[in-house]
Amino acid sequence: IADHGGAALIIDYGDWRSLGDTLQALKAHTPVDPFTAPGTADLTAHVDFEAIAMAASPALHTRVTPQGVFLERLGITGW
């Protein structure tokens, strides 16, 4: 991005710092082993927003917007 321009949009339900395992699987809202019965559970990963912000070049404008605020700005409350 620094060399060619552009932007990054990273969406996650997590907190500022990653909590727990990076890769996880959920089935019926319950954590399960991601390697048991592949294709039967949703795979997800925690995003460490703090690490991403720290790794971003200081010359870049780094802003973190909570997902709820982002969705409200898109008009989700008017649906």
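**View 1. L43 sits out in the open.** L43 is exposed, because its relative accessible area is 58% and anything over 50% counts as exposed. In this predicted model, L43 belongs to strand β3, which covers residues 42-45. L43 also shares a nonpolar surface patch with L23 and F35. Together, L23, F35 and L43 offer about 370 Å² of accessible area.

**View 2. The whole chain, for orientation.** Let us step back for a moment. The chain holds three strands and two helices, and read from the N terminus these elements follow the order β-β-β-α-α. How many of the 79 residues, as a percentage, count as buried? The share is 6%. The accessible surface of the chain amounts to about 6700 Å², and carbon and sulfur atoms contribute 59% of that area. Taking the contacts between residues at least 6 apart in sequence, 49% connect residues at least 24 apart.

**View 3. Three strands, one open sheet.** The strands line up in the order β2-β1-β3 to make an open sheet, and their pairing is antiparallel. β2 and β3 are the edge strands, each pairing on one side only. From one strand to the next, the twist averages 45°. As a reminder for the bench, strands of a sheet pair through backbone hydrogen bonds, either parallel or antiparallel.

**View 4. Where β1 meets β3.** Zoom in on this pair and you will find four bridges, with the two strands antiparallel. Which residue of β3 stands opposite L23? The residue is A45. L26 has a bridge partner in β3 too, namely D42. L23 will be familiar from the nonpolar patch that also includes F35 and L43.

**View 5. A closer look at A45.** A45 is a residue of strand β3. Is A45 buried, exposed or partly exposed? A45 is partly exposed, because its relative accessible area of 36% falls between the 20% and 50% limits. While you are here, look for A25: the C-alpha atoms of A45 and A25 are 8.4 Å apart, although 20 residues separate A45 from A25 in sequence.

**View 6. The hairpin of β1 and β2.** Here β1 and β2 pair in the antiparallel sense, with three bridges between them. L26 has P31 as its bridge partner in β2; on the β3 side, the partner of L26 is D42. Two residues lie between β1 and β2 in this hairpin. A28, in the turn, has a positive phi of about 55°.

**View 7. H29, in the loop after β1.** H29 lies in the loop that links β1 (23-27) to β2 (30-32). The phi of H29 is positive as well, about 65°, even though H29 is not a glycine. Why does H29 count as exposed? Its relative accessibility is 81%, and the class begins over 50%, so H29 belongs there. For a landmark in this view, try A41: the C-alpha atoms of H29 and A41 are separated by 9.5 Å, and the two residues are 12 apart along the chain.

**View 8. A37, between β2 and β3.** Now move along to the loop between β2 and β3, where A37 is found. A37 is a residue other than glycine, and its phi is positive, near 50°. With a relative accessible area of 40%, A37 is partly exposed.

**View 9. F49, tucked in helix α1.** Our last stop is helix α1, which spans residues 49-55 and contains F49. F49 is buried, because its relative accessible area of 13% is under the 20% limit. Which distance separates the C-alpha atoms of F49 and I10? The two atoms are 8.7 Å apart in space, while F49 and I10 are 39 residues apart in sequence.

How values were computed
Residues are numbered from 1 along each chain as its sequence is written. This is a predicted model: local features need pLDDT of at least 70, side-chain atom pairs count only at pLDDT 80 or more; totals for chains, interfaces and linings use all residues. Side-chain values use heavy atoms; hydrogens and water are left out. Buried means under 20% relative accessible area, exposed over 50%, partly exposed in between (1.4 Å probe, protein chains only). Contact means heavy atoms within 4.5 Å. Accessible areas come from the Shrake-Rupley method with a 1.4 Å probe; for residues, only the protein chains shown count as cover. Patches are made of residues with over 30% relative accessible area and no salt bridge: like charges are joined within 9 Å, nonpolar side chains (Val, Leu, Ile, Met, Phe, Trp, Tyr) within 5 Å. A salt bridge is a side-chain nitrogen of Lys or Arg within 4 Å of a carboxyl oxygen of Asp or Glu. Two strands pair if DSSP finds at least two bridges between them. Axes are lines fitted to C-alpha atoms, for helices over the stretch in contact, and angles run from 0 to 180 degrees between N-to-C directions.
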